Amino acid sequence: MMSGSIKPKTPEQVEAMAASGRVLAGALDEIEAEVCPGVTTGELDAIAESFIRDHSGIPSFLGVPAADPGVEPFPGAICASINDAIVHGIPGSAVLREGDIISLDCGVILDGWHSDSARTLAVGEIDPDASRLLDVTRAALAEAIRASVAGGHIGDIGAAVQKLVEEAGLTIVRRFVGHGIGRTMHESPQVPNFGRPGGGPELVPGTTLAIEPMVNIGSAGVVFDTDGWTARTDDGSLSAHFEHTVAITHAGPRVLTEAV
Ligand code: MG
Ligand code: MG
């Protein structure tokens, strides 16, 4: 897989990205508090968009062009991906039900700087298998962040995710990867959720990455809905997704998409 070169940010630019990330974390906190049986994904989308605009941000997902020219640009501020949906679920009339899991992914532009973050939540009480999937995927992101240190390499991040997920008997989605982030949402390098320690570009201070393990209970295969966006597991098994925007600093990894 191509990795590409890293574009390190200055400390001032990292601070600007952290400001973007705080707005994003606030938006995700707002919609997380609303997640319960009976809520629609469209309602969550409207809350997130209002919060972002009220805080002088721009919802970066809204209007993103599809890779396929026959598919409409993304119509939401959030991606809302329920159960077997991995990523890129379109928010709308879908109603959350007791026992669902939902991945909420959102992006903000503030003063020209992007941030990108996702979390997967339980709707009411969920099965033990679903609960374990969320725990493992959340832990995989934490391990990946711990591996995001100056002098390390992109491959260390993927290797950390891969080890934890595969030891848990779960499956990594390889079709989608994390990415560099900054003035644009997707910059070099790609950040796969698998890899070899020491592989890929070196992590230098000022590197800013969106790290985002996507983990399935069953098959790693991906199928797309007829909407052209929603990506699902090809066996209908549950999928979870957690993401933070992280800066590599002299003082260690700094999560930029936390409310603080
Ligand atoms: Mg995202
Ligand atoms: Mg991302």
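Which backbone nitrogen lies 2.9 Å from a polar atom of the side chain of T41? In this predicted model, the backbone nitrogen is that of G92. T41 is placed in helix α2, which covers residues 41-54. With a relative accessibility of 1%, T41 is buried. Beyond its neighbours within four places in sequence, T41 is in contact with I78, A80 and I82. The same list of contacts includes I90, P91, G92, A94, L96 and I102. G92 thus appears twice, as a contact of T41 and through its backbone nitrogen.

A second site is built around metal. The magnesium ion (ligand 2) is coordinated by D116 (OD), H179 (NE2), E212 (OE) and E243 (OE). The distances run from 2.1 to 2.2 Å. Along the chain, these donors follow the spacing D-x62-H-x32-E-x30-E. D116 lies in strand β5 (residues 113-122) and H179 in strand β7 (residues 178-180), so this pair ties together parts that are 63 residues apart in sequence. D116 is buried, at 3% relative accessible area. H179 is also buried, at 4%. The magnesium ion (ligand 1) lies 3.3 Å from the magnesium ion (ligand 2). D116 coordinates both ions.

The largest pocket holds about 700 Å³ of space. Its lining comprises 28 residues. V87, H88, F176, H186 and W229 lie nearest the centre of the pocket. By class, 15 of the lining residues are nonpolar, six are polar and seven are charged.

How values were computed. Residues numbered from 1 in each chain as written. Chains lettered and ligands numbered in written order. Predicted model: local features only at pLDDT ≥ 70, side-chain atom pairs only at ≥ 80, totals over all residues. Heavy atoms only, no water. 1 Å grid on protein atoms, 1.4 Å probe; cavity = no way out; pocket = protein on both sides within 12 Å on 5 of 7 lines; lining within 4 Å. Points joined across faces, edges and corners; volume = space filled by probe spheres on them. Nonpolar A, V, L, I, M, F, W, Y, C, P; charged D, E, K, R; others polar. Donors = N, O, S within 2.8 Å, 3.2 Å for Na, K, Ca; no water. Helix = DSSP H or I, 4+ residues; strand = E, 2+ residues; numbered from the N terminus. Buried < 20%, exposed > 50% of the residue type's maximum accessible area, 1.4 Å probe, protein only. Polar contact = N/O pair within 3.5 Å; in protein donor to acceptor, adjacent residues only side chain to side chain. Contact = heavy atoms within 4.5 Å.
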